[in-house]
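This report describes part of a protein model, beginning with a pair of residues and moving outward. The sequence and structure are shown first.

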Amino acid sequence: MIELNKLTCQVDGALIDAWKTINENTKGTVFIVDNDQKLLGILTDGDIRRYLISGGRLESGIKEVMNLEFSYGLVDHSHKELLEKLNERVKILPILNKELQLVDFIEYRADFYIPVAMPDLKGNEFNYLADAFLSTWISSSGEYIRNFEEGFSKYCTVEHGVAVSNGTVAIHLALKALGIGDGDEVIIPDLTFAATINAVLHANATPVIVDIDENDWNISPDEIKKAITPKTKAIIPVHVYGQPCKMDSIMDIARSNNLYVIEDCAEAHGSEYNGKKVGSFGDISCFSFFGNKVITTGEGGMCITNSAKLNEKMRILRDHGMSKTVKYWHDEVGFNYRMTNLQAAIGLAQLERIDEILDWRRQLENNYREAFKDLTNIKFQLILPGREKITWLVSILIQDNKRDKVLQSLNKMNIDARPFFYSLGIMDIYKDYLFSNEKSLKVSKAGINLPTNPSVSEDTIERIKQILSQI
Ligand SMILES: *Cc1c(COP(=O)(O)O)cnc(C)c1O
């Protein structure tokens, strides 16, 4: 990265000084400042060329030639606001402090790396983290844990929350608390992140992988019915990519077959089915707060439940299975699945802003939808009646087997788009557990997740559109 002084010239210099500076910095631009580093004007190689052609001389003063009107950013502008001021014409933007002194700059590059996700930590995250740190309660006791557990479970309209070290162990803890293990079958969808099936296998239970519905990309109630056997103990519906599962049918099936429901809500914080938050249907529901999820604690997870008994059981299992009344007395073989107060501090600050975070996510998805509305070769996730999906990662299907080509082009442009999860049933380590995956195979092969982070600008969306319209 070029230094700021290679981009600046003093205002009392001659045009030749600006010319030399531009030649050396190869950026085609020079910022003109006074003795106090206050930005007074800008000169480009084009300005100088035009001046010379019209009979001007390189010995002239910079002051007479420089542009007095120019775009600039301020230090307290967000990265996104700054990026939005850049374009093909304004390729380099000076950044000024309150005194209008030149302190930094930002450059337009067509190949800016656009990550698929990025945590949004603009609120009290750092303050609470520092507070937890300074309190010395940096391990797994402390106020923030209780407050985060209470706050998040309340947000989901559920009684109890048990914070854990990540979303995968949340599912494992739920299975163990429900007594699911050896010889038990657990029905899961074919299209999900592998943590869902891994947790079942780590509990020594047998996963049964069933197909999805093509409309919501989530576990199919009809396939669940077909896969039930006398050994079936539980269903784990996963609200994939923020879309709530068909919870009324799933709960009906569970009730009439005496099955537990563990919701995997790792990708759907805040989404609703028939006006009820996901996570409020199952016996236990599991969330992840990994860095790319809707809200994050770095690593982290939570189990929520309305059952006081399951809450108690999970708290004991989370803490080595130790008796709550007799220290160092163990009635069960437990785990250390605790979350730290530091993680919970970040989580609590994220929770304060969850509506704001869900808003910018929804708005960004709407911007993509609006920009791509004339493209006939792609399909967005469906907006379904009775379902209030949230935007985790903006997800689309690409027609005609062109998915991999699109991904290649995007990745070449430094745009981090991702393929959908592979069908679990096609992987060697899971294929013995496959019941059905016909539709999942199709969706999995066609889907991509588009960058969904607060710095995605209209310009980025436009560049993605270019690629999609060329295939
Ligand atoms: C992220 C995720 C998990 C696991 O969460 P971690 O916190 O990464 O362990 C589980 N299930 C699904 C569907 C996920 O997307």
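## A pair of facing residues

Ser-288 stands opposite Gly-301, a residue of strand 15. The model in which this pair is seen is a predicted one. Strand 14 and strand 15, the latter covering residues 301-305, are joined by four bridges and pair in the antiparallel sense.

On another strand, strand 11 (residues 260-264), the pairing with strand 14 is parallel and has three bridges. Here Glu-263 has Ser-285 of strand 14 as its bridge partner. In general, strands of a sheet pair through backbone hydrogen bonds, and the pairing can be parallel or antiparallel.

## Strand 14: buried or exposed?

Is strand 14 largely enclosed or left open by the rest of the structure? Strand 14 (residues 284-288) is largely enclosed, because five of its five residues are buried. Buried here means a relative accessible area under 20%.

The side chains of a regular strand alternate between the two faces of the sheet. In strand 14, Ile-284, Cys-286 and Ser-288 point one way, while Ser-285 and Phe-287 point the other way. The residues on both sides are all buried.

## The sheet as a whole

Which strands make up the sheet, and in what order? It is an open sheet of seven strands, ordered 7-15-14-11-10-8-9, and its pairing is mixed. Strand 7 (160-164) and strand 9 (206-210) are the edge strands, each pairing on one side only. From one strand to the next, the twist averages 25 degrees.

At one edge, strand 7 runs antiparallel to strand 15, and five bridges join the two. Val-162 has Cys-303 in strand 15 as its bridge partner.

## Helices against the sheet

Helix 7 (residues 167-177) packs on the sheet and touches strand 7, strand 8 (185-189), strand 11, strand 14 and strand 15. The direction of helix 7 makes about 165 degrees with that of strand 14.

Helix 8 (residues 195-202) lies across strand 8, strand 9 and strand 11. Relative to strand 9, helix 8 runs at about 150 degrees.

## Gly-270 in a loop

Gly-270 is located in the loop between strand 11 and strand 12 (272-273). Its relative accessibility is 12%, so Gly-270 counts as buried.

Which residues does Gly-270 touch, leaving aside those up to four places away in sequence? They are Tyr-155, Lys-277, Leu-358 and Ile-390. His-77 is 193 residues from Gly-270 in sequence, and the C-alpha to C-alpha separation of the two is 29 Å.

Definitions and conventions: Residues numbered from 1 in each chain as written. Predicted model: local features only at pLDDT ≥ 70, side-chain atom pairs only at ≥ 80, totals over all residues. Heavy atoms only, no water. Buried < 20%, exposed > 50% of the residue type's maximum accessible area, 1.4 Å probe, protein only. Pairing = 2+ DSSP bridges. Contact = heavy atoms within 4.5 Å. Axes fitted to C-alpha atoms, helices over the stretch in contact; angles between N-to-C directions.
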